[in-house]
Amino acid sequence: MNIRVLIILSLFVGIGAVLHTVVPAILFGMKPDMLLSMMFLGIMLFPKLKYVVLLSIVTGILSALTTLAPGGQIANLIDKPITALLFFGLFLLIRNKVNINISAPVMTAIGTIISGSIFLSSALYIVGLMDGVFTVLFLTIVLPTAAVNAIVMIVVYPVVQKIMKRSQPITV
């Protein structure tokens, strides 16, 4: 593994962890997962399976440590690796077919919806609250988070791309 890539990925995870910690809870201790947008950014910049797996495990652990949701610790550990691998597969399918500045926010919104669905399903199963709560939480937490993460990606991705092009080339 390339040390430079690992340092950049750790910076993304660190920024995501700070955002995940400071964003206030919205409903039942649930809060938007800003760590996801940083994980998706890392996957798009360094699309190799070994980086995706490492990034997803670290993201899941940090997300589990900072969550306030009941059952969220285990749910985050389940959710992040599955979401990262699905996002990685989606990215590999469309990266050469669609302009990345358009596909990055769209894929981020789709990835956030996938992540939120997996997280809510596993967390609600662990807590035992499957009766109609999923739809309410999906509409009030997951969809707004998907929109916020897409907006974050619209702003951040082009900036990070320019910084990466101007900096010393990184061989992946």
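## Phe134 and its ring partner

Let's start with Phe134. In this predicted model, Phe134 has a relative accessibility of 25%, so it counts as partly exposed. Why not buried? Because buried means under 20% relative accessible area, and Phe134 sits at 25%. Phe138, at 17% relative accessibility, does count as buried.

How many aromatic pairs does the structure hold? There are two. One of them lies in helix 2 and helix 4, where Phe40 sits in helix 2 and Phe87 in helix 4 (residues 72-94). Those two rings are stacked, 4.2 Å centre to centre, with 15° between the planes. The pair links distant parts of the chain, since its members are 47 residues apart. Both residues are tucked away: Phe40 is buried with a relative accessible area of 0%, and Phe87 counts as buried at 2%.

Phe134 and Phe138 form a stacked pair too, with 5.8 Å centre to centre and 20° between the planes. These residues are four apart in helix 6, so about one helical turn separates them. Here's the background: an α-helix has 3.6 residues a turn, so residues three or four places apart point the same way.

## Helix 6, with a bend in it

Helix 6 runs over residues 133-166, which makes 34 residues. At 1.5 Å a residue, helix 6 should span 50 Å, and its end C-alpha atoms are 47 Å apart, which agrees. Don't picture a perfectly straight rod, though: there is a kink of about 35° centred on Leu139.

Which residues of helix 6 are buried? They are Leu137, Phe138, Ile141, Val142, Thr145, Ala146, Asn149, Ala150, Val152, Met153, Tyr157 and Val160. What covers them includes helix 1 (3-22), helix 2 (35-45) and helix 5.

## Asn149 and Thr112 meet

Let's zoom in on one residue from that list. Asn149 belongs to helix 6 and is buried, with a relative accessible area of 0%. Leaving out residues up to four places away in sequence, Asn149 touches Asp33, Met34, Leu36, Ser37, Thr108 and Thr112.

Now look from the other side of that last contact. Thr112 is in helix 5, and with a relative accessible area of 2%, Thr112 is buried. Setting aside neighbours within four places in sequence, Thr112 is in contact with Leu36, Phe40, Val142, Thr145, Ala146 and Asn149. Phe40 may ring a bell: that residue is also half of the stacked pair with Phe87. Thr112 and Lys80 are 32 residues apart in sequence, yet their C-alpha atoms are 10 Å apart in space.

## Ser103, another helix 5 residue

Is Ser103 buried or exposed? Ser103 is buried, because its relative accessible area is 3%. This serine is in helix 5, which covers residues 100-127. Apart from residues up to four places away in sequence, Ser103 touches Ile94 and Val98.

## Helix 3 and what it packs against

Helix 3 takes in residues 49-66, 18 residues in total. At 1.5 Å a residue, helix 3 should span 26 Å, and the distance between its end C-alpha atoms is 26 Å, which agrees.

The buried residues of helix 3 are Tyr51, Val52, Leu55, Ser56, Thr59, Gly60, Ser63, Ala64 and Thr66. Those residues pack against helix 1, helix 2 and helix 4.

## Stepping back to the whole chain

Time for the wide view. The chain has six helices and zero strands, so read along the sequence its pattern is simply α-α-α-α-α-α. The radius of gyration is 16 Å, close to the 16 Å that the globule rule gives for 172 residues, so the chain is as compact as a globular protein of that length. Along its principal axes, the C-alpha trace spans about 50 × 30 × 25 Å.

How much of the chain counts as buried? Of the 172 residues, 45% do. Among contacts between residues at least 6 apart in sequence, 74% join residues at least 24 apart. As for the outside, the chain exposes about 8,600 Å², and carbon and sulfur atoms supply 75% of that area.

How values were computed. Residues are numbered from 1 along each chain as its sequence is written. This is a predicted model: local features need pLDDT of at least 70, side-chain atom pairs count only at pLDDT 80 or more; totals for chains, interfaces and linings use all residues. Side-chain values use heavy atoms; hydrogens and water are left out. Helices (H or I, at least four residues) and strands (E, at least two) are DSSP runs, numbered from the N terminus. Buried means under 20% relative accessible area, exposed over 50%, partly exposed in between (1.4 Å probe, protein chains only). Contact means heavy atoms within 4.5 Å. The expected span of a helix is 1.5 Å times one less than its number of residues. The bend at a residue is the angle between axes fitted to the seven residues ending there and the seven starting there. Rings of Phe, Tyr and Trp (its six-membered ring) pair if their centres lie within 6.5 Å; planes under 30 degrees apart count as stacked, over 60 as edge-to-face and the rest as tilted. The radius of gyration is taken over C-alpha atoms; the globule rule is 2.2 Å times the number of residues to the power 0.38. Accessible areas come from the Shrake-Rupley method with a 1.4 Å probe; for residues, only the protein chains shown count as cover.
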